[in-house]
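I opened my notebook and went through this structure one topic at a time. Here is what I looked up.

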Amino acid sequence: MTRTQSVIARTIGVLALALLTLCIAAAGSYAAQGSLSYQAVLPSSHSIAFSAPTGVAYLPNGSLAATEQVVFVADPVTRSVMGVEADGTLRGPWTGVGAEKFVEPTDVATDISGHIYVADKGRAYIYKLDATTGALIEKLGSGLVSPVGIDWQYSAGGAHNIYVACAGGKVVRLSHQADTSTGFAYTLAGTLQSPADVDAHLTSGGLQLWVTDTSANKVVCIDALSGSALYSWGTAGTGAGQLSGPMGVAVRDGDTGHVVVSDGGGRVQRFTQAGVYQDTLVSAGVAVGQVMQPQRIALDIANDWMWIAEKGAGRVQVFNSLGDSKRVIGGGPGTAPGTFSAPRGLAADAAGALYVADTGNNRVQRIDASGMVLVIGSEGTGDGQCRAPTGIAIDRDGAIYVSDTLNNRIQKFSSDGTHLATWGSGPGSGPNQFNEPKGIAVDSRGYIYVADYGNNRIQVLAPNGDPAGSFTGYEYNSATQPLWWLSDLAVGPDDSLYLYDGWGARIVQLDASGGFMSAFFTPNPTLYGRYGGLDVSRSRTVYAVESDPGWDPTVWVKPWLPGLGDAGYHSFADAGGGPGQLAQAGDIALGPLGTVWVSDMALHRIECYQLEDHQPPFTNWVGTDPGSWYTSGGVTLLRPTDGPAGPIATWVSVDGAAPSVIWSASEEATANPTRSVAVSDEGTHTVEFWAVDDFGNQEETNTVLVKIDKYFPEATATISPTGWTTGTVEASVVATDSGAGVASIVYSTNSNGAPLSGPVPYTGPVTFTEESNIGVRFDVTDGAGKSVMVSGLVQIDRTPPVTLLWLDESGDVPWLWGIVTGDGSEKNGEGVTWWRVDSALPVAAPYVELLTPGPHTVGYWTVDPAGNVESEQTTEVAVVGRTGGDFVVESFQIGDGGYWFNSRTVSVASDVPSALQMRFIVNGEEGAWQPYAESCELTLADDGGFDVVAQFRNGTDESADVCEDSRAVAIDTIPPVTTSNAQEGRDFTYPEPFTFVPDDGDGSGPAMTEYRLNGGAWAMGSSTVVAPGTHTLGWRSRDLAGNIESEQTTSVTVLKAPMSVSLTSKSATISYGASYVLSGRLTSDGVPQTSMRVVVQYLSAGVWKDTSVSAYTDVNGNYRATIKYSSKHTYRVSFPADAYHLGATSTSIVVTPRAYVGTPKAPTTMSRTKYYTVYGYLKPRHTQGTYPVRIYKWRKTASGSWKSEGYVKAKASNYSSYSKYSRAVRLTTRGTWRLRAYSLTDSLHAGSWSSGYDYVKVK
C-alpha cells in the first residue's frame, strides 16, 4: 500500500517560544525515503535561526533602505547559505549545488547582476549562484587554499573581479572569466599571515584591498594594481584602538572614508584609513545593540547601514552609522523562559508536554501543549540545581528524572518541578557513582537506566534509587561489544532497553538484565564514534538522531522488526540552519500522535516534526473459508502493516462480545507474529477484528464468518423386506444434519467384511434382485467433514434346500435326523424340517423318534428361511421292538414321561400284549413279580435319581418269555427358595429393577420365577421395573420337578428418577433473523436418556416460561433445539416431570440478536451549504431512547483513503413492528462522502452496523 505522509516542523527557541510551521511532503512507501520539499508558513524574523554566522552581504539596490534589503548569510556550522528578505521570507537555505554539498562556507559576496559568491573554505572553491534560486552559475578558483573572505568589485571598463582572502596568507584576484585559474595572488611576503576578510574599495587613486590579518592583529591596505602595501597598522590588545583577532573589515566610500573593523574580542571599532582610532561603534555583549564574536561586515555605503554577522550570538544585526541597532535577523542562545542554550536531552509525556534538558543554561524546561513554560532548576551543585544536564526521562506518574552530567548524579523532580531525590555519591566507577551520565530512561516498573558515559556502562537503579546492577557490554556476533560512546538509551513498550551504540554505529536491543536481543546498524555504519539520541514508539519504531561536529546531522526512523535487518530506514531532516533543518542534533523525543521533537545544540532551538499518517493499518488473515463448515476453526491474524505510525494493537471480538487485544507491539517477538482466534462452539460465528496504529488511526472492522458443526449427522438405513426373501430387496437411507447439512452419501457392499463393490454415490433406493447374502453400508458425510456409517443385510435365496437323512440306532429307539444340504450354508444355513410318519399330521422338528415297532413310511422336507420349500422325500423304516422271542413291549411310560417328579410315588403305564406278570428293578434291586397291570404305581424310597427297569413275562414261572423296557427318573419333593433385592429394606429409584434369584439346592433346579404387585396377577421374570410409588411385591419360584415355593411378600417404595440437563451452547450475539441452536445432553445418574422430550424456556419478568420449541433426545441422550427470536432473552432447557422422572433444568444463557439496521438513504448529490434528511429503518422496533442510531461520516481524501468526520445522532420514530431513524445532515466539504448507520445497544438488542454504505457527491 502506498502511503502519503507529511512532516510538519516547528521551531521552539530563539529568544521566545516561537513556532515556525513547515510542511514537508514526502510521497512513497514507508520503507523508502521519498523526496522532501519545504513550504514556509507564518514566517517571522525572530524565527529565522543561524548557528554561527560568519559571512554577510546584501544585494545592492540603492532605492531600498537597509531594513528592506535582501541579506545573505554564510553559516559554516549549518553548512548553508541563506537569504532573508525584508518581510522575513527565506531564500534557501542552500546547502550546496546538486550532490556537491558545502563543507565550510565562511563568507558571501554579491554583485549588481543578482548573483552571490560563496567562499567555501572546506571545498576550496568559490561558487557563483543565482541569488533568487540558488542555481549554480560558475564554479571558480581551482587551486585555492582555504578561502575564507570574499568581495566582488565592479571596475571601470566593465571588468568584474573577485577578491578572495585565503587563510594560508594570500589574497587572490579572480576575474569573472577565470573559472579554473587561481588568478593573480597578493602575497606581501612577511606582511600577511592569516588573512580573514577582504574589502575592495575604489578610490580616486585606484582600487584598494583592505584585509584583516587575524594572527598579526593588523589591518593591511593593498594597492590592487601593484600589489604593494599602502597601509599596515594595528597593535595587539583589548584596549581602545587595539586589535584582538580582527575578523571583518569594511571601508566607507571615498578617499578618506572610515575603516570599520570587527574585533574577535567582541567589539566593532572605527579608524581612519591611516589607522587612527576614532571610536567604538558597538560594544561586546549578548543584548540587542551589542555583539558577540562579530565576524564579517557588509556596508551599504549609499544608505549608511552596516550588517554584522555574530558567530557567538547566532544572528545578524543591522546598525546605522551611529552604532544603533535597527534590526535583528536570527538569534542564538537565550536565558529567558522558552529560549535555550545548547539544548540536548528531550522527553515528552502523553499530554503533549515537552521536557528539555537546557544544557547550556543548567536547567530543565517544561513546555506544555498550550505553550506555558515551567523552568526547573538553576546552575549549582545543591539539590535541585544542575550543571550541564544532558538526559531527561518521564515515568508513568509524571516524575522527571535528570542526568546532572557535570555534577555526576541523577536528580528526580515531581511534575511541578519540586525536587524529590538525588542519587549519586560523587564521580567514580562504583555503585551509585557516575562519570558524566548522559542518557536516562525509566521502565514500567520504575527502574531507572543511566548511560554512564565516562564509565562506559549502563547503571541500573531501583525505583527508590538503590543500585540494582550494571553492565558494560553485550554479546554480539560471538564477541563482547563494549559500551563506548554510549550517549543515549530508551525503554521500549515491552520494557526492553534500546541503546545508541556510537562506537559500534548500531542500535542495540537488550533485556532488562543486559542480555542481547537484537541489533541493526545505523544508516552510516562507517561513521563510528558519533553522538546520537533515540526514542522508541509504542509501535516499536526507532526514532534516532545522529550528529557530531564535522558530520551531517540526520534524523531517521526505522521500524523495529526482527528479521528486517538493516533495511527500512526513513530520513526526514537535512543538514542546515533553515526551518526543518538541523545543525547539530542532540536528542529526539516522541509526543502523542506523531509529534517528533529534536533538539539542535548548535542552533539553540527545538525542531518539532509532525509525521502525518491518515491511513489506517491493514490486517491480513488466513483461516476458515467463510462459506464452509468445520468441526473447529477460527481465524489466524498476521501482524498488521502500516505507514509511518506503525501498528500497536489488533483487537478482536467474537459474536459481538466485548473486544479484547489479541496482538500488541509491546509483546511482539517475531517479525510476522500470528495470533489465532479459535472458535469451537456449535453454530455460525462472527469474528470481527481491526488494528490501531500509533497515531490513532483505526482499521475498518474486518468480519469473517466461521461455521462450526460439532455433531455427527443422523442416519437410518432401511432394508425392505428384512431377513431372507425370495423376491427383490430395496436398501435406502434417510440422513439429516441440522448444522452443516448432509454433503454426501455413498454406499458399498461387502461379504463377511470383505469389500464387493463401491463406494458409489447414493442417489436413491438401491434394488437387489440376485441371490445374495451381503452387507450394504451407507457412509453419510456432513458439510463439516464428519461421517457416520449405517448398514443393513440383504438376503435373497431362490434355491430350495435338500435334506439328507441320518438314522441313529444307538439308543433303544431309532431316531431319524434331517441334515439340510444343497441350500448353500453361505446363504442361509439350515431351515425347518417337516416330518410325516405314516398317515400322521406333519410336524416340524430337527428329528423324529420312531417308537412303535413295525414298518413305517416317513416323509420329510425342509423349508429354508427364505421360504423355499423342498419337494417331499420318503423313506421306509422298519422298527423292531425289544423282545424275549416274539414277546415285545409295545409301550412303557413312567408318569408323564418326564425325568423329574415331585412325588415319591409315580404312576406307570405299559402295553405288553400277553403279559401275565411284571416287576421293577430299581437301581439294580429286583422287586417281586406281581400280576401285570397296564396301570400301576411305583413308590421310590427317597429324593434322588433312579434307573427303573420294568420286566414283563408271559407266564408265571421262570420258563416264560421276558421282555423289558427302562427309564431314568428323579425325585425332588422340596420347593426352591427365592431371594430378592426388595428385601434390603431401602427405597428404590426408577428404573432400578427388582431382581429375583431362586435356589433349588441339589434338587431339580429352578424352572420359573414369577412375581406380582399388590396382589394382582402373576407375571414371569427374574427382574422387573416398577413404576414410582409404594407397592406390595410378592414373588415365588417353581422347580423342574413342579415344586412351587410359598409366596414371599414385602412392602417397597420406588422414587422418581432424577434427571440432569446439560447445556453446552454459550451465550451469544447473533445476526438479526438468524437462528441459534441450543444443544446439550439429558442423563439420569450419568445414563443417557433416549427419546425423551425437552422444552426450551425463556425468562419473563423473573418467571420461566415455556417456548414452543422442544426436541427429543437421540440414542446418546443428545438434543438439539433451534430458536429464532427477534429480541434478547435468557434461555434454558427444561425436562418436564412425568410419572416416572423428576423435572430438571439446565444452566441459562443469554442470546442477543443484533437489530437490523437499514443502510442510510441520502440524496446522491448534495450541496455543502444545505441540510438534507438522511433516514433508514430499524427492525424490530427499537427501545433505546430518542436517539438510538448514529450516522457515521467519512470523506474521501486526495490519496483515495477515507477520513472519519465523526457522527451525528439520529432520532427514531416507532411503528408497529419497526422504527424509522432520520436526521438532517450537512456535509460541508466538496467531494465524495459515505454514510453508515450504527444502532446502539438497548435492552433487547446488541449494537449493529448497517450492512452497507450510502455514497454522496457533495458540490
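**Entry: buried or not?** Before anything else I wrote down the cut-off: a residue counts as buried under 20% relative accessible area, exposed over 50%, and partly exposed in between. I also noted that this is a predicted model.

I tried the cut-off on Lys786 straight away. Lys786 has 7% relative accessibility, so it counts as buried.

**Entry: a salt bridge with its partners.** Which residue does Lys786 form a salt bridge with? I found Asp709, with the closest N and O atoms 3.4 Å apart. Lys786 lies in the loop between strand E69 (772–782) and strand E70 (787–796), and Asp709 in the loop between strand E62 (702–708) and strand E63 (714–720), so the pair ties together parts that are 77 residues apart in sequence. Asp709 is buried too, because its relative accessible area is 0%. I then saw that Asp709, Asp782 and Lys786 are joined into one network by salt bridges that share partners.

**Entry: two more salt bridges.** The structure holds 31 salt bridges, and I picked out a couple more.

Glu100 and Lys139 make one of them, and their closest N and O atoms are 3.1 Å apart. Glu100 sits in strand E9 (residues 100–101) and Lys139 in strand E13 (residues 136–140), so this pair ties together parts that are 39 residues apart in sequence. I checked how covered they are: Glu100 is partly exposed at 25% relative accessible area, and Lys139 is partly exposed at 29%.

Next came Arg540 and Asp494, whose side chains meet in a salt bridge at 2.8 Å, N to O. Arg540 is in the loop between strand E48 (531–536) and strand E49 (541–547), while Asp494 is in the loop between E44 and strand E45 (497–501), so the pair ties together parts that are 46 residues apart in sequence. Is Arg540 buried or exposed? Arg540 is buried, with a relative accessible area of 2%. Asp494 counts as partly exposed, at 23%.

**Entry: the whole chain.** I stepped back for some totals. The protein chain has zero helices and 115 strands. Of its 1259 residues, 50% count as buried. The accessible surface comes to about 52,800 Å², and carbon and sulfur atoms own 50% of that. I also looked up contacts with a separation of 6 or more: residues 24 or more positions apart account for 53% of them.

**Entry: nonpolar cores.** I jotted down a general point first: in soluble globular proteins, nonpolar side chains tend to be buried together.

How many residues does the largest nonpolar core have? I got 23, and the residues with the most contacts inside the core are Ile894, Val912, Phe920, Leu938 and Phe952. The strands that each supply at least two residues of this core include strand E80 (891–894), strand E83 (917–922) and strand E87 (944–953). E87 gives the largest share, four residues. I followed up on Leu938: leaving aside its neighbours within four places in sequence, its contacts include Phe920, Val922 and Val948. There is also a second, separate core of 22 residues, with Leu1063, Ile1070, Ala1111 and Ile1123 among them.

**Entry: nonpolar residues with some exposure.** Trp484, Trp485 and Trp503 make a nonpolar surface patch of about 310 Å². Trp485 is found in the loop between strand E43 (479–482) and strand E44 (486–491). Trp485 is partly exposed, with a relative accessible area of 35%.

Leu756 was my other check here, and its place is in strand E67 (residues 754–761). Leu756 has a relative accessible area of 51%, so it counts as exposed. Not counting residues up to four places away in sequence, Leu756 touches Thr749, Asn750, Ser751 and Ile774. The C-alpha atoms of Leu756 and Ile774 are separated by 8.7 Å, and the two residues are 18 apart along the chain.

**Entry: one open sheet.** Last, I traced a sheet. Five strands form an open sheet in the order E56-E62-E61-E58-E59, with mixed pairing. Why is one side of E56 and of E59 left without a neighbour in the sheet? Strand E56 (629–630) and strand E59 (660–664) stand at the edges, and each has a single partner strand, so one side of each stays without a neighbour. E56 and E62 pair in the parallel sense over two bridges. I looked up Trp629 as well, and its bridge partner in E62 is Lys707.

How values were computed:
Residues are numbered from 1 along each chain as its sequence is written. This is a predicted model: local features need pLDDT of at least 70, side-chain atom pairs count only at pLDDT 80 or more; totals for chains, interfaces and linings use all residues. Side-chain values use heavy atoms; hydrogens and water are left out. Patches are made of residues with over 30% relative accessible area and no salt bridge: like charges are joined within 9 Å, nonpolar side chains (Val, Leu, Ile, Met, Phe, Trp, Tyr) within 5 Å. Accessible areas come from the Shrake-Rupley method with a 1.4 Å probe; for residues, only the protein chains shown count as cover. A salt bridge is a side-chain nitrogen of Lys or Arg within 4 Å of a carboxyl oxygen of Asp or Glu. Buried means under 20% relative accessible area, exposed over 50%, partly exposed in between (1.4 Å probe, protein chains only). A nonpolar core is a set of buried Ala, Val, Leu, Ile, Met, Phe, Trp, Tyr and Cys residues joined through side-chain atoms within 4.5 Å. Contact means heavy atoms within 4.5 Å. Two strands pair if DSSP finds at least two bridges between them.
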